[in-house]
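Biologist: Please take a close look at one part of this model for me. I would like to understand the sheet, and then how the rest of the chain fits around that picture.

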Amino acid sequence: MKLKVYADRMSQPSRAVIIFCKVNGIDYEEIKVHISKGQHLTPEFPEINPMKQLPAIADGRFKLFESHAILIYLACAFPGVADHWYPADVFKRSKIHSVLDWHHSNLRRGAAPYVFNTTIAPILGRPLNPQAAAEAEIILSSSLSKLESFWLKGNGRFLLGGNQPSIADLSLVCELMQLEVLDEKDRTRLLGPHKKVQQWIENTRNATNPHFDEVHRVIMLAKERQQHQRLKAAKNEGGSNMKKPLVSRM
């Protein structure tokens, strides 16, 4: 039976799994589950993932959730996946695990809540939370610094000094791509100081294109919508200021 991938392309880990399948020629069926419509919360979805999160896969009767576990499974279960994605060498493999574990307890804890509480929340009918955003920004900035100074140290083009991407590169870069929906000045403020991180994102994009750009098109469209809304809000604010009556000082 064909592999089924339950995903929402607005979800960072969902994009990582889809790109991996496309790059490695894995035959799969993408089953779209829209988080914004609450489709992951339906009574039926726990049969796929009891945690009611995305992504999830079904390979025949075998079901699996959590993107890192899924990427490891796909790299091991499907023939033809290049070794650099999840090397057979136990030392290299262990280092990839260390990056993936660090990702969940650091970078994701910063990036996801920061974007949600500065940009995405109203789309899902939730209020913006400046305090939560400020707390997340501290974690995000610290994680970017650690990426720059430790995980990307050396002359390699990818994490841990590699010259070819691993599942860790793909997972972490997809996490950071959500920053595209931020106001440009905020994105520049966060990523601007980290030149190695910026180059690494571009290296991973180039290594996985055209699939990387195709899968991230949903993020680019969301970015365009956010820019349009900001411009419209700025124009409305400017227009209302111009209409304020002048008060005589006589």
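Modeller: What follows starts at the sheet, moves to the loops, and ends with the nonpolar cores. Keep in mind that this is a predicted model.

Start with the strands. The sheet is open and has four of them, in the order β2-β1-β3-β4. Their pairing is mixed. Two strands sit at the edges, β2 and β4 (62-65), and each of these pairs on one side only. From one strand to the next, the twist averages 20 degrees.

Now look at one pair. Strands β3 and β4 run antiparallel, and four bridges join them. One residue pair to find is Asp 59 with Phe 62: Phe 62, in β4, is the bridge partner of Asp 59. As background, strands of a sheet pair through backbone hydrogen bonds, either parallel or antiparallel.

Helices pack on this sheet too. Helix α1 covers residues 12-23 and touches β1 (3-7) and β2. The direction of α1 makes about 150 degrees with that of β1. Helix α2 covers residues 67-77 and touches β1, β3 and β4. The direction of α2 makes about 135 degrees with that of β4.

Next, follow the loop between β2 (28-32) and β3 (56-59). Pro 55 is found there. The peptide bond joining Leu 54 and Pro 55 is cis, with omega about 0 degrees. Lys 52 lies in the loop between β2 and β3 as well. Lys 52 is not a glycine, yet its phi is positive, at about 60 degrees. Why note these two places? Most residues other than glycine have a negative phi, and most peptide bonds are trans. Is Lys 52 buried or exposed? Neither fully: Lys 52 is partly exposed, because its relative accessible area is 34%, between the limits of 20% and 50%.

Similar features turn up in other loops. Leu 160 is found in the loop between α5 (130-151) and α6. Leu 160 has a positive phi of about 65 degrees, though it is not a glycine. Leu 160 counts as partly exposed, at 37% relative accessibility. Then there is Pro 210, in the loop between α8 (195-208) and α9 (211-215). The peptide bond from Asn 209 to Pro 210 is cis, and omega is near 10 degrees.

That takes us into the helical stretch. A UniProt record, an unreviewed entry, lists residues 89-229 as "domain: GST C-terminal". Over residues 89-229 the chain is 73% helix and 0% strand. The end C-alpha atoms of that stretch are 49 Å apart.

Finally, look inside. In soluble globular proteins, nonpolar side chains tend to be buried together. Here the largest nonpolar core has 60 residues. Which members touch the most others? They are Phe 20, Leu 74, Leu 147, Leu 176 and Trp 200. Helix α6 (residues 167-177) gives the most to this core, with eight residues. Both domain 1 (3-81) and domain 2 (84-230) supply at least three residues each.

Take Leu 176 as an example. Leaving out residues up to four places away in sequence, Leu 176 touches Leu 107, Leu 140, Leu 144, Leu 147, Val 197, Trp 200 and Ile 201. There is also a second, separate core of seven residues. Among its members are Val 33, Phe 45, Ile 48 and Leu 54. Leu 54 brings us back to the loop, since that residue is joined to Pro 55 by the cis bond.

Definitions and conventions
Residues are numbered from 1 along each chain as its sequence is written. This is a predicted model: local features need pLDDT of at least 70, side-chain atom pairs count only at pLDDT 80 or more; totals for chains, interfaces and linings use all residues. Side-chain values use heavy atoms; hydrogens and water are left out. A nonpolar core is a set of buried Ala, Val, Leu, Ile, Met, Phe, Trp, Tyr and Cys residues joined through side-chain atoms within 4.5 Å. Buried means under 20% relative accessible area, exposed over 50%, partly exposed in between (1.4 Å probe, protein chains only). Domain bounds come from an automatic or database domain assignment. Contact means heavy atoms within 4.5 Å. UniProt positions are given in the numbering used here, feature names are shortened, and annotations may be inferred rather than shown by experiment. Two strands pair if DSSP finds at least two bridges between them. Axes are lines fitted to C-alpha atoms, for helices over the stretch in contact, and angles run from 0 to 180 degrees between N-to-C directions.
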